[in-house]
Amino acid sequence: MRRTWRILRIARASCGGILPAVSAVPTLIASVCAAGRAGRLAEVRCHARRGDRPVAENHDDWTVAVVRRGAFNYRAADTNQTHTLRAGWLLLGRSRATYECSHDHDGGDDCLALEIAPEVIDEVARMIPRCRGALFPTPVLGPVTRLVALMDRLSSGAGDFDEAVYAIT
């Protein structure tokens with residue numbers, strides 16, 4: 001079963017424990033470190049190397065991910081623009097968007113990826129006055145310290161998971 005953008009391929013389960021990845025991309029290893037009604041958080045390791053052929057993938061749901069180690073190139077199919085992400089940068093995956101990732105180096109990368117439940121996105125969008133168009137107008141953001149800190153807290157099990165997901169969204 002495909003799960004979110006390039007780094008989050010996890011089994012859908014109601015358990016918040018560590019789960020093995022289910023991936024069509026053999027270079028990915030993902031494990032769920034927290035889950036709740038509002039979404040699922042996974043630690044993801046990519047072992048892709050320079051020269052590995054990019055694989056077309058789809059974000060099944062909305063995703064916010066922070067790059068913890070390494071760097072990679074993300075190409076969104078709808079714009080055909082390539083963005084380079086490195087440690088501290090954020091990837092914003094739109095639901096059902098097609099993309100590819102590649103590496104200019106060996107060593108892969110590590111990310112912390114939050115898959116957000118569609119009903120949470122819908123609820124947040126309704127609360128934003130005159131919200132029209134894409135919620136994530138760009139797929140890449142430079143480091144946002146507060147958001148990265150909140151995701152790190154979530155991965156350690158601190159705080160209320162669902163409340164934090166709403167704060168991130």
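Let me start with strands S4 and S6, which pair in the antiparallel sense over four bridges. One pair to look for on screen is Val 66, whose bridge partner in S6 is Leu 90. Keep in mind that this is a predicted model.

Stay with S4, residues 62-76, and follow its other partners. Strand S5, residues 82-86, pairs with S4 in the antiparallel sense over five bridges. There, Phe 72 has Leu 85 as its bridge partner in S5. The hairpin of S4 and S5 has five residues between the strands, and in it Asn 80 takes a positive phi near 60 degrees. Strand S7, residues 98-102, also runs antiparallel to S4, joined by four bridges. If you want a landmark, Ala 76 is partnered by Tyr 99 in S7. Then there is S8: eight bridges join S4 to S8, again antiparallel. Val 64 has Leu 114 as its bridge partner in S8.

Now move from S8 to S2. Strand S8, residues 109-116, is joined to S2 by eight bridges, and the two run antiparallel. What does Arg 45 stand opposite in S8? The residue is Asp 110. Arg 45 is also the bridge partner, in S2, of Ile 29. That brings in S1, residues 28-36, which pairs with S2 in the antiparallel sense over eight bridges. A hairpin of two residues joins S1 to S2.

Is S2 mostly covered or mostly open? Strand S2, residues 39-46, is mostly covered, with six of its eight residues buried.

Next, the inside. The largest nonpolar core has 26 residues, and those touching the most other members are Leu 41, Val 64, Leu 114, Ile 116, Met 151 and Ile 168. At least two residues each come from S1, S4, S6, S8, H1, H2 and H3. Which element gives the largest share of this core? Helix H2 does, with five residues.

Take Leu 41 as an example. Leaving aside neighbours within four places in sequence, Leu 41 is in contact with residues including Val 32, Leu 112, Leu 114, Met 151, Leu 154 and Phe 161. There is also a second, separate core of 15 residues, and Val 67, Leu 91, Cys 111 and Ala 113 are among them.

On to helix H1, residues 118-127. Its buried residues include Val 120, Ile 121 and Val 124. Why do the buried residues of H1 line one face of the helix? Seen down the axis of H1, they fall within an arc of 100 degrees, so they sit along one face. The general rule is that an α-helix has 3.6 residues a turn, so residues three or four places apart point the same way. As for what covers the buried residues of H1, the list includes S4, S8 and H3.

Last, the whole protein. How many helices and strands are there? The protein has three helices and nine strands. From the N terminus, the order is β-β-β-β-β-β-β-β-α-β-α-α. Of its 169 residues, 44% count as buried. Among contacts with a separation of 6 or more, 70% are between residues 24 or more positions apart. The exposed surface is about 8,400 Å², and carbon and sulfur atoms supply 52% of it.

Terms used. Residues numbered from 1 in each chain as written. Predicted model: local features only at pLDDT ≥ 70, side-chain atom pairs only at ≥ 80, totals over all residues. Heavy atoms only, no water. Buried < 20%, exposed > 50% of the residue type's maximum accessible area, 1.4 Å probe, protein only. Pairing = 2+ DSSP bridges. Core = buried A, V, L, I, M, F, W, Y, C linked by side-chain atoms within 4.5 Å. Contact = heavy atoms within 4.5 Å. Arc of directions from axis to C-beta. Areas by Shrake-Rupley, 256 points an atom, 1.4 Å probe, with all protein chains shown as cover.
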